[in-house]
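Please look through the structure shown here, and follow the explanation below from the whole chain down to single residues.

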Amino acid sequence: MSQAKSQPEWSADELRRAIKSAGVALWTWIVDDDTFVMDAKAYELWDISHETDLTFEHLSAKVHPADRDRVRAAFVATRAIDGPFEIDFRILTNAADVRWISARGEGNEGDATTQKMTGIFLDVTGRKQAEEGHELLAGEMSHRVKNLLALAAGLTNITSRSTDTKEEMAKQLTQRLTALGRAHELVRPLPDGQGEAALLGDLFTVLLAPYDDVGAFAGRIRVAVPRMGLGEKSATSLALVIHELATNSLKYGALSNDKGLLDISGALVEDDIEIVWSEHGGADARSPQSMEGYGSKLLQRTISGQLGGSINYNWVDGGVVVTLRMKESHLST
């Protein structure tokens, strides 16, 4: 019969090295006189200078105000409880930075007469920040899904009122939703800390590519706009605008035949970005009254509300010039 393997015993020096490598700070709270004893690592973690008369009340003053009552109540409650306990909370360093600490300890060590508690402090700031990041991401994703569902519902309602047949409605609605999807795919991190955005020129190029890729349509669309980033919200809104303008052009304007040209240019004007959408060689000029449909109302609401700007039309022989003015600050969101 084999003998059980004896467990190794670590020397005090080995235990000290292990504790140091793990970033563990040691503490003892003597409940009767409120004395709090800590090692050098704990003083460093709490960002306080060594004091001869450190007390629990003195230490709790460093706890974040939002956590202070909870921490005090938890520590006081352990006076009457034998056994282990654990609590996570925030502290404020002298530089006003927030640091997360996990306090773990043993109350009374099984002997109620000692009135002494011992334990460790661990810096868990990295873990807490990761958890907060995950929660923020989950909340953001939920918010985005809700917005997209609301937008899809609105587009469905608008499209149903502006079309005569279910086939036409399905086609227009699919095109609008596809335009949103293409804009969403463009949203990506930009280099050098410029944020998460699509490039303005890329948005126009990608969304107009289906109208400029074969036969006589090739090379008839020209895009020359300032190089600038768009935020996700503004990229989605502007994608709708581009799609509506392109749809109108395909029905009535420069893209309705094989001779028309579409020229898109842009410039910064003070705090605004101005985009000029010029069509030439299209059908006869349309009257302003014909621009009062739901698609046009969608354009007006999007430009004035979400992009903080304006849209103006100038009908000329065989074409139209549409001038968009949008707040540069709105385009970054």
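Of the 333 residues of the chain, 38% count as buried, and this should be read with the caution that the model is a predicted one. The chain is built with 10 helices and 13 strands. Among contacts with a separation of 6 or more, 56% are between residues that lie 24 or more positions apart in the chain.

The buried part can be followed through its nonpolar cores. The largest nonpolar core holds 32 residues, and those with the most contacts inside it are Leu200, Leu208, Leu238, Ile275, Trp277, Leu324 and Met326. At least two residues of this core come from each of helix 7, helix 8, strand 10 (261–269), strand 11 (272–280), helix 9 (294–306) and strand 13 (319–327), and helix 8 gives the most, with 7 residues. Apart from this core lies another, of 25 residues, which includes Trp29, Leu54, Val63 and Ile91.

To see how one residue of the larger core is surrounded, take Met326: leaving aside residues up to four places away in sequence, Met326 touches Leu238, Asp271, Asp272, Ile273, Ile275, Ile303, Leu307, Gly309 and Leu331.

Two of the helices that supply this core also pack against each other. Two packed helices are described by the angle between their axes and the distance between the axes. For helix 7 (residues 200–208) and helix 8 (residues 232–252), the angle is about 40 degrees and the axes are 10 Å apart. Angles under 35 degrees would count as roughly parallel and those from 65 to 115 as roughly perpendicular, and helix 7 and helix 8 are therefore oblique to each other. Helix 7 passes helix 8 in a right-handed crossing. On the side of helix 7 the contact is made by Leu200, Leu203, Phe204, Leu207 and Leu208, and on the side of helix 8 by Ala235, Leu238, Ala239, Ile242 and Ala246. Sorted by class, this contact of helix 7 with helix 8 has 10 nonpolar residues, with no polar and no charged ones.

Finally, two loop residues deserve a look for their backbone angles. Asp47, in the loop between helix 2 (40–46) and helix 3 (56–60), has a phi near 60 degrees, a positive value in a residue other than glycine. With a relative accessible area of 26%, Asp47 is partly exposed. Glu270, in the loop between strand 10 and strand 11, has a phi near 55 degrees, which is again a positive value in a residue other than glycine. Glu270 counts as exposed, at 76% relative accessibility, because the cut-off for that class is over 50%.

Terms used:
Residues are numbered from 1 along each chain as its sequence is written. This is a predicted model: local features need pLDDT of at least 70, side-chain atom pairs count only at pLDDT 80 or more; totals for chains, interfaces and linings use all residues. Side-chain values use heavy atoms; hydrogens and water are left out. Axes are lines fitted to C-alpha atoms, for helices over the stretch in contact, and angles run from 0 to 180 degrees between N-to-C directions. Helices (H or I, at least four residues) and strands (E, at least two) are DSSP runs, numbered from the N terminus. Angles under 35 degrees count as roughly parallel, over 145 as roughly antiparallel, 65 to 115 as roughly perpendicular and the rest as oblique. A crossing is left-handed if the near helix is turned anticlockwise from the far one by less than a right angle, and right-handed if clockwise. Contact means heavy atoms within 4.5 Å. Ala, Val, Leu, Ile, Met, Phe, Trp, Tyr, Cys and Pro count as nonpolar, Asp, Glu, Lys and Arg as charged, and the others, Gly among them, as polar. A nonpolar core is a set of buried Ala, Val, Leu, Ile, Met, Phe, Trp, Tyr and Cys residues joined through side-chain atoms within 4.5 Å. Buried means under 20% relative accessible area, exposed over 50%, partly exposed in between (1.4 Å probe, protein chains only).
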